[in-house]
Amino acid sequence: MSDNRLTLALLRLAPLLLFVVIVVAFGLLNERFLSFGNFRNIVIQAAPIAILAIGMTFVLLIAEIDLSVGAVMYVGASLVAIYLEPATGFGFTDPNLWWPLSLAVFVATGMIVGAVHGLVVTSLGIASFIATLASLFMLRGLAMFLSNTRTLQFSREIKDINRWEIFQIVPMADRAYGVPVAILILLIVFFSGWLVLRHTAFGRQIHAVGEDREAAKKAGLAVKGIVFACFVICGFCAGVGGFVAATQQGAVGPNFGLQVEFQVIAAAVLGGVSLFGGRGSVWGPVFGAILIRTTIAGLTFVNADPYIYPLVTAAIIFLAVAVDGLRTRMIERMSRRMIRPLEAG
Amino acid sequence: MSEARPLLSVSGLAKSFFGVRVLHGVDFDVFPGEALGLVGENGSGKSTCVNIIGGVLKPDAGEMSLNGAPYHPLSPKGAASAGIAFIHQELNLFGNLSIEENLFIERLPKHRMLPLIDRRAVRARAVQLLREVELDLPPTTPVARLSQGERQLIEIAKAISMNAKVVIFDEPTTSLTRHEVDRLFTIIARLKARGIGMIYISHALDDVMAVCERITVLRDGAVLGGGPRDEFSLARIISLMVGRAIDTIYPERMVPPRADPVLRVEGLAQPGVAKDITFDIKEGEVVGLGGLMGSGRSELARMIFGLDAFSRGRIIVGDKVLANPTPREAIDAGMAFLTEDRRGEGLLMDFSIAENTILAALGRFARAAGMLEWRKVVTESKTMAGRVHLSTDRVVETRAKHLSGGNQQKIVIGKWLMRMPKLFILDEPTRGIDVGAKQEVYRIINALVEAGSAVLLISSEIEELMGLSDRILTIYRGELTGSFARAAFDREILMGAVTRPPRAEAG
């Protein structure tokens, strides 16, 4: 019995233990891995995935899924790179307006796509897996058509965002570090997500819908509206994450956002979000994204063959899902009722 | 009492589905501070009635008034705001949310300034409501941790919080322990004291007699009798419901049990669940297993069938020794198991009768290359439909979900009969089904044992055990406390044996 509890606690902490193991292992292989600068980079690089995964959590919580988030990033990037060039600039000549405009284009793209998903799922009753799989291909096709599959260059004003920092107060040997824009945006999304999910009526109703949609209907909740809103929120986050990724990369090719949906869903599951709805938090996906990013950074540090990367990340994802399944089954088994006191010995 | 004005008055209620009339002008009144027992067989129109009152269905004709004013609910939400609370058999709660969140999920109070939940207001109101239903739990407890009875109290608290004038209970006691039932009845008495009226639907007629001041009996969508409880006896209610007298409810069995044991359970033990359980069941014998809910009776059945593991002992079916059975081995050895939860475990609701019937014996209907022989499927499932007295023989066209509870149960039984089991474990085979369907289940059991099979029957109803069993074993906290032959059946002694540990009896 107490053995069971111990195993269960270990399983729950498994992703955290895995994180520690990965950090220690790569640290032993290369001690520069443990530097402040490296961790800062890891978190910055994890930010886009983490932002997308927070949005994905809203959709997973209601037992739906959105496979189109990576494609949304690519469409947003195409629109921004093609129409927000210095030459055209949507007619806006002031370069200071370009970054807010491009953020707006990204976010609007995501929210429109999310709204379409929400409508298709709620009014046509099409499974979100199919609906968003279809838009994954349609949106990638659209973006390739818009960009002619050329590399997309962002204007300098947009790329520069990536170097901004606020609160430059952490003094290190080389310079004073602050909070980079990517992390600031992540923090804002994280905090808003947490507030909405935990402390608003809407957020608690999301959990109710995810637990039992029929019961939610009977309780008089506006289920369709809640489902619709979750897809829009997911699209919103996909747009924000796409913007952050675009500023970080500066120029992107036709594989921008490709298969990102898998990393995003994996980050959420690693963070304890259930694929069956009703269970999950917003800090989990952030942790999951950092875990995935740390692994990739470690592999880069030890000069691993790039073809090994997908193998290792896939192994981690597999482990996370396996652990989750094991945990669920153990919880079920332990909830087996005890009828009589246990005899000694 | 007669001069009191009815709280809810229903008159001439009529409803048809697809041209079939299911309600023919039903009248009844619910008075403040009283419970109206609505009884009748499955399909008699009780659910249609309360669904109309609860705003789920619209009546074709008839009038309803609430507190003297005309009442025409357009939706469940409309009914709720008019003061009708509907406590469904399947409770409407969310396991992943806390008690307080469940109480107010559709109207969580907002903070004065911010668009956030006013946690303090929620807490205060939840604490007060929990006190009213005598539930001593912190309001932040996740509902997933509550027992079925505690969850029901949460639903009642919710009804109170919505200022319900009339509370509809649909089979509230089926999944409660006796203790929880008593507590529920205390709370119902308190609701009455506050002037709330109730409609109480149940197949447990004892409960109806205990709780309700008035009784209305429905049969085939019409009121056959209604009035104060004192005008009714159990026998009269049942004969009104069924349309015949009930002395023949347990059919006579012609063939006595044989000597050869079909099942032997030897020293079965599992820490915390079962202690040293030994018994056997002979060919043609019905052995009843009596015990309170949570006594380990279902767990014992699950272990015998290989669904749960046990640490010591063995199970012998015929000449096969199963030291560590899996359900597959148990089925191969000739066992069949009707679980408590037919919706969850026994039936595929969207599948036809035929598809459900052949499920446990698919191999018999397979041709080369695994193709099903449909003609054989149809003829054999029609035969089975006849054997279990199913209400329809349209086995291909009818889906399981469109049948009444009694008929669904018959399909599950028929499914297992297809394999001609040597030992049939029946866990609460008649729970939630009406008297007529019950009797048909009893006949099926009799036919089965007369053909030489053995039956292990688990039931919460002592009468049912006494009426059907050749022998009754009693279980208390995972330990067998007695074995009684038919001649020694006595209600009092059996009740004693299921509520007391064996040593207390000796001492």
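Buried residues make up 53% of the 507 residues in chain B. Buried here means under 20% relative accessible area, exposed means over 50%, and partly exposed lies in between, with a 1.4 Å probe and protein chains only. This is a predicted model, in which local features need pLDDT of at least 70, side-chain atom pairs count only at pLDDT 80 or more, and totals for chains, interfaces and linings use all residues. Residues are numbered from 1 along each chain as its sequence is written, chains are lettered from A and ligands numbered from 1 in the order in which they are written, and side-chain values use heavy atoms, without hydrogens and water.

**The two chains**

Chain B holds 18 helices and 20 strands. Helices (H or I, at least four residues) and strands (E, at least two) are DSSP runs, numbered from the N terminus. The radius of gyration of chain B is 25 Å, close to the 23 Å of the globule rule for 507 residues, so chain B is as compact as a globular protein of that length. That radius is taken over C-alpha atoms, and the rule is 2.2 Å times the number of residues to the power 0.38.

Chain A has 13 helices and four strands. Its radius of gyration, 22 Å, agrees with the value near 20 Å for a compact globule of 345 residues. The table sets out box and burial for each chain.

| Chain | Box of C-alpha atoms along the principal axes | Buried residues |
|---|---|---|
| Chain A | roughly 80 × 55 × 40 Å | 49% of 345 residues |
| Chain B | roughly 70 × 55 × 50 Å | 53% of 507 residues |

**Two helices of chain A**

Helix α2 of chain A spans residues 36-61 and has a kink of about 45° at Ala47(A). The proline Pro48(A) follows shortly after the kink. The bend at a residue is the angle between axes fitted to the seven residues ending there and the seven starting there. Of the 26 residues of α2(A), 20 are buried, so the helix is largely enclosed by the rest of the structure. Just after α2(A) comes Ala63(A), with a positive phi of about 60°.

Helix α11 of chain A, residues 260-270, is mostly covered. Nine of its eleven residues are buried. Among them are Val260(A), Glu261(A), Val264(A) and Leu270(A). Just after α11(A), Gly272(A) takes a positive phi of about 90°.

**The second largest pocket**

What volume does the second largest pocket hold? About 1,300 Å³ of space lies in it. On a 1 Å grid over the protein atoms alone, a pocket is an open set of points with protein on both sides within 12 Å along at least five of seven lines, and lining residues have an atom within 4 Å of a point. Its volume is the space filled by probe spheres set on the points, which are joined across faces, edges and corners.

The lining of the second largest pocket counts 40 residues. Ala204(B), Asp206(B), Ser460(B), Glu461(B) and Ile462(B) lie nearest the centre. In chain B, α6 (178-193), α7 (205-211), α8 (234-242), α15 (435-450), α16 (462-468) and α17 (491-499) each give two or more residues to this lining. By type, the lining has 17 nonpolar, eleven polar and twelve charged residues. Ala, Val, Leu, Ile, Met, Phe, Trp, Tyr, Cys and Pro count as nonpolar, Asp, Glu, Lys and Arg as charged, and the others, Gly among them, as polar.

**Cysteines**

How many disulfides does the whole structure contain? The search finds zero over all chains. A disulfide is a pair of cysteine sulfur atoms within 2.5 Å. For Cys234(A), the closest cysteine sulfur is in Cys237(A), 6.9 Å away and too far for a bond. Cys234(A) is buried at 0% relative accessible area. For Cys212(B), the closest cysteine sulfur is in Cys49(B), 15 Å away, again too far for a bond. Cys212(B) is buried, also with a relative accessible area of 0%.

**Single residues of chain B**

Most residues other than glycine have a negative phi. Asp220(B) has a positive phi near 50°. Asp220(B) sits in the loop between β9 (214-219) and β10 (222-228) of chain B and is exposed at 56% relative accessibility.

His389(B), not a glycine, has a positive phi of about 55°. Its place is the loop between α13 (374-387) and α14 (405-417) of chain B. His389(B) is partly exposed, at 35% relative accessibility.

Arg5(B) lies in the segment before β1 (8-17) of chain B. Arg5(B) is exposed, with a relative accessible area of 56%. Its C-alpha atom is 31 Å from that of Leu103(B), and the two residues are 98 apart along the chain.

Notes
On a 1 Å grid over the protein atoms alone, a cavity is a set of points where a 1.4 Å probe fits but cannot get out, and a pocket is an open set with protein on both sides within 12 Å along at least five of seven lines; lining residues have an atom within 4 Å of a point.
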